[in-house]
Amino acid sequence: MLFKKKQNKNDKLDESFEKVISEIQRIEDWNNPKKIEHYILDSCEHIIATTKEIEALKAEYRVLTSYLEDIDKIKKLPKKEFSEISLVAKNIEDLERSKRIFKDTKPKLTDEQFLLISANEETIPETIKRMQSNEKYQSAVENDMRVLEAEKNTYEIERDDILHTNNLIRRFSVLLLFAFGSFVLLMFVLKTSVNMDISLYLYVILFVAALAIFLLFVFYTNNRTRNRQLIRNMNNTISILNVVRMKYANVTSAISFEQERFHVNSSMELHYLWDCYIEMVRAQDQYIQDNDDLEYFTGRLMRMLAKLDLYDTKIWQNQIAALVHEDVMSKVNHDLVVRRQKIRDKIAENTKSVKSERDEIDRLMKIHNYYVPEIIEIITSVDKLCGLKKPQIS
């Protein structure tokens with residue numbers, strides 16, 4: 001009902017304003033006293049606006065006063081009761097800090113990596129073990145392959161040396177036979193021409209030739225035997241090497257499959273991603289738990305504060321630190337006092353301005369003896385609306 005009465009007053013005042021303003025707009029000669037009406041209307045509008053500002057400031061002043069009274073009530077609580085409230089607030093502060101840390105922490109995994117690990121969560125540990133085992137086996141096979149490759153190369157080099165030696169033996173044998181033949185021929189030429197006894201020389205040459213041929217034959221035979229042995233050994237090594245290469249190809253294929261599947265280069269990298277995933281899952285679980293705990297402790301704090309019959313209990317949800325730290329509470333109290341004093345000064349300033357403008361209207365009307373009914377009606381309505389005929393609230 002009060003709101004409707006006030007609305008009716010405002011509507012009536014607006015109608016009067018519109019009526020007078022429409023008359024002013026029809027006037028062409030501004031030396032006419034109607035200019036006084038224009039000034040009075042502007043002053044009334046400013047008085048109304050300033051009065052509304054005063055009312056808003058007074059409302060804020062009362063709210064600030066209520067907050068200061070709430071702080072005073074909390075400060076005067078018994079030590080045990082305040083300690084219980086402070087402990088609950090401390091839990092809320094810690095939980096909010098934990099949530100901020102979670103939000104500010106940059107995720108170690110991309111969304112794609114997280115979804116991929118999550119989709120294979122049950123098999124990842126076994127996959128890591130299998131990859132580690134395969135990588136160790138691959139390393140051992142690779143080492144065996146290097147040893148066999150080196151052994152095969154050694155056999156090939158040694159075989160090449162034997163073939164080269166046998167080739168030299170064949171050439172040397174031909175050269176030796178030619179030399180012995182030349183000596184024998186020379187002996188027979190000497191015997192024929194000078195009738196020289198060459199029997200002894202011939203026996204020596206034949207003996208040396210036979211001995212040289214025998215030694216070359218033995219050496220050549222040994223080389224051939226060794227060459228056959230090398231070929232057998234090399235073939236055996238190649239056979240084993242082929243098997244090892246096949247094992248290496250199989251294990252490498254298995255490792256490559258897992259690497260491509262999880263977009264990693266090794267089991268170590270997959271293990272790192274798994275650790276990051278576990279850490280992120282734990283952090284998310286902790287975040288959910290923190291939310292549940294925060295809801296519990298916030299509700300508990302609101303119930304504890306509600307028993308104190310405070311003006312506003314919800315506002316303390318944004319001032320948790322003040323319930324935990326004495327210096328923060330003192331700062332909040334100081335800021336409220338300073339703000340309230342500024343509002344009080346502003347109210348006084350605006351009140352003085354309204355009174356001054358209202359006195360100026362009375363003075364102007366008295367000087368010019370200007371009491372038009374419509375203007376009187378507007379001023380009366382403004383006085384009632386702004387409460388200028390009533391004691392001012394300080």
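How many helices and strands are there in the protein chain? In this predicted model, the protein chain holds 10 helices and 0 strands. Read from the N terminus, its elements follow the order α-α-α-α-α-α-α-α-α-α.

Some totals for the protein chain help to set the scene. The chain has 394 residues, of which 31% count as buried. Its accessible surface amounts to about 26400 Å², and carbon and sulfur atoms account for 57% of that area. Turning to contacts in the protein chain with a separation of 6 or more, 83% of them involve residues 24 or more positions apart.

On the surface, a patch of positive charge is worth a visit. Arg-170, Arg-171, Arg-224, Arg-228 and Arg-232 gather there. Two helices, α5 (124-194) and α6 (199-262), each contribute at least two residues to the positive patch. The most generous contributor is α6, with 3 residues. Arg-224, one of the arginines of the patch, lies in helix α6. Is Arg-224 buried, partly exposed or exposed? Its relative accessibility is 42%, so Arg-224 counts as partly exposed, because that class covers the values between the limits of 20% for buried and 50% for exposed residues.

Helix α5 also offers a view away from the patch, at Leu-148, which is found in this helix. Leu-148 has a relative accessibility of 11% and therefore counts as buried, the cut-off for that class being under 20%. Which residues are in contact with Leu-148, leaving aside its neighbours within four places in sequence? They are Thr-237, Ile-240, Leu-241 and Val-244. A C-alpha to C-alpha comparison adds a further detail: Leu-148 and Asn-242 are 94 residues apart in sequence, while 9.8 Å separates them in space.

A second buried position can be followed in helix α3 (residues 79-104), where Ser-86 has its place. With a relative accessible area of 14%, Ser-86 is buried; the reasoning is as for Leu-148, because a value under 20% is what places a residue in this class. Once neighbours within four places in sequence are set aside, the contacts of Ser-86 are with Leu-323 and Val-324.

Taken together, these sites give a short tour of the predicted model: a positive patch on the surface to which α5 and α6 each supply at least two residues, a buried leucine in α5 at position 148, and a buried serine in α3 at position 86.

Conventions: Residues are numbered from 1 along each chain as its sequence is written. This is a predicted model: local features need pLDDT of at least 70, side-chain atom pairs count only at pLDDT 80 or more; totals for chains, interfaces and linings use all residues. Side-chain values use heavy atoms; hydrogens and water are left out. Patches are made of residues with over 30% relative accessible area and no salt bridge: like charges are joined within 9 Å, nonpolar side chains (Val, Leu, Ile, Met, Phe, Trp, Tyr) within 5 Å. Accessible areas come from the Shrake-Rupley method with a 1.4 Å probe; for residues, only the protein chains shown count as cover. A salt bridge is a side-chain nitrogen of Lys or Arg within 4 Å of a carboxyl oxygen of Asp or Glu. Lys and Arg count as positive and Asp and Glu as negative; His and the chain ends are not counted. The place of a charge is taken as NZ of Lys, CZ of Arg, CG of Asp or CD of Glu. Helices (H or I, at least four residues) and strands (E, at least two) are DSSP runs, numbered from the N terminus. Buried means under 20% relative accessible area, exposed over 50%, partly exposed in between (1.4 Å probe, protein chains only). Contact means heavy atoms within 4.5 Å.
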